[in-house]
Amino acid sequence: MQDPDQSDVIALNDAISALMRRFKIAESTSSKEQGVRLNPIDVESLLFLAAHPDSTASALGQYLDVAATTVSAVIDRLVRQGFLRRDRIASNRRIVQLNLTEAGEDKTQQIIRFHQANSREMLMALDPAERGTFVALMRKIVSSS
């Protein structure tokens, strides 16, 4: 396979940076409007825990690829905000499972709807054939990582 041109590498990097800024700015604005400030690691944690109920702190840390102290701070913050609860299992009280509260489930659904609306808006810049190609190429890039 041929190496990409440096100009393509730079253009892709610039485009990804612009998309990330767009998502971060829109997400930050949305969080402020709703009175709850969530940083990106909080959002990723909620999304992971929604998809993986009863996860442990170590599973969350592995997914986020962060230190145990960072995971602990994230969990504490989400518990304080009422989005997350720690559940001990009866068979082994040392194991703590993480689960979303009802407020956490509502917030996560709100985040998912927001991300989908933002993605929908971005895809509107493309015609239908381009959208399919773009999505297929993005999936290919992600699956090769």
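**View 1. Glu102 in helix 5 is exposed.** Glu102 has a relative accessible area of 62% and counts as exposed because the value is over 50%; buried means under 20% and partly exposed in between (1.4 Å probe, protein chains only). Glu102 belongs to helix 5; helices (H or I, at least four residues) and strands (E, at least two) are DSSP runs, numbered from the N terminus. Leu84 is 18 residues away from Glu102 along the chain, and 8.7 Å separates their C-alpha atoms. This and the other views show a predicted model, in which local features need pLDDT of at least 70 and side-chain atom pairs count only at pLDDT 80 or more, while totals for chains, interfaces and linings use all residues. Residues are numbered from 1 along each chain as its sequence is written, and side-chain values use heavy atoms, with hydrogens and water left out.

**View 2. Phe48 and Tyr63 form an aromatic pair.** A search of the whole structure finds 1 aromatic pair. In this pair, Phe48 and Tyr63 are stacked, at 4.6 Å centre to centre and with 20° between the planes. Rings of Phe, Tyr and Trp (its six-membered ring) pair if their centres lie within 6.5 Å; planes under 30 degrees apart count as stacked, over 60 as edge-to-face and the rest as tilted. The pair links distant parts of the chain, with Phe48 in helix 2 (residues 40-51) and Tyr63 in helix 3 (residues 57-64), 15 residues apart. Phe48 is buried, at 9% relative accessibility, whereas Tyr63 is partly exposed, with a relative accessible area of 43%.

**View 3. Helix 3 has a buried side.** Leu60, Gly61 and Leu64 are the buried residues shown in helix 3. They cover an arc of only 100° around the axis, which puts them on the same side of helix 3; the arc is that of the directions from the helix axis to the C-beta atoms. Exposed residues Ser58 and Gln62 are carried by the face turned away from the buried side of helix 3. The cover over the buried residues of helix 3 includes helix 2, helix 4 (68-80) and strand 2 (92-100).

**View 4. Asp54 and Asp65 take positive phi values.** Asp54 is not a glycine, yet its phi is positive, about 65°. Asp54 sits in the loop between helix 2 and helix 3 and is partly exposed, at 40% relative accessibility. Asp65 comes just after helix 3, with a positive phi of about 60°. The loop between helix 3 and helix 4 holds Asp65, which is exposed, with a relative accessible area of 69%.

**View 5. The largest pocket is lined by 18 residues.** About 600 Å³ of space lies in this pocket. On a 1 Å grid over the protein atoms alone, a pocket is an open set of points where a 1.4 Å probe fits, with protein on both sides within 12 Å along at least five of seven lines; lining residues have an atom within 4 Å of a point. Grid points are joined across faces, edges and corners, and a volume is the space filled by probe spheres set on the points. Leu19, Phe23, Met122, Phe134 and Met138 lie nearest the centre of the largest pocket. Helix 1 (6-33), helix 5 (102-123) and helix 6 (128-144) are the elements that give two or more residues to its lining. Helix 6 provides the largest share, 6 residues. By class, the lining has 14 nonpolar, 2 polar and 2 charged residues; Ala, Val, Leu, Ile, Met, Phe, Trp, Tyr, Cys and Pro count as nonpolar, Asp, Glu, Lys and Arg as charged, and the others, Gly among them, as polar.

Terms used: Contact = heavy atoms within 4.5 Å.
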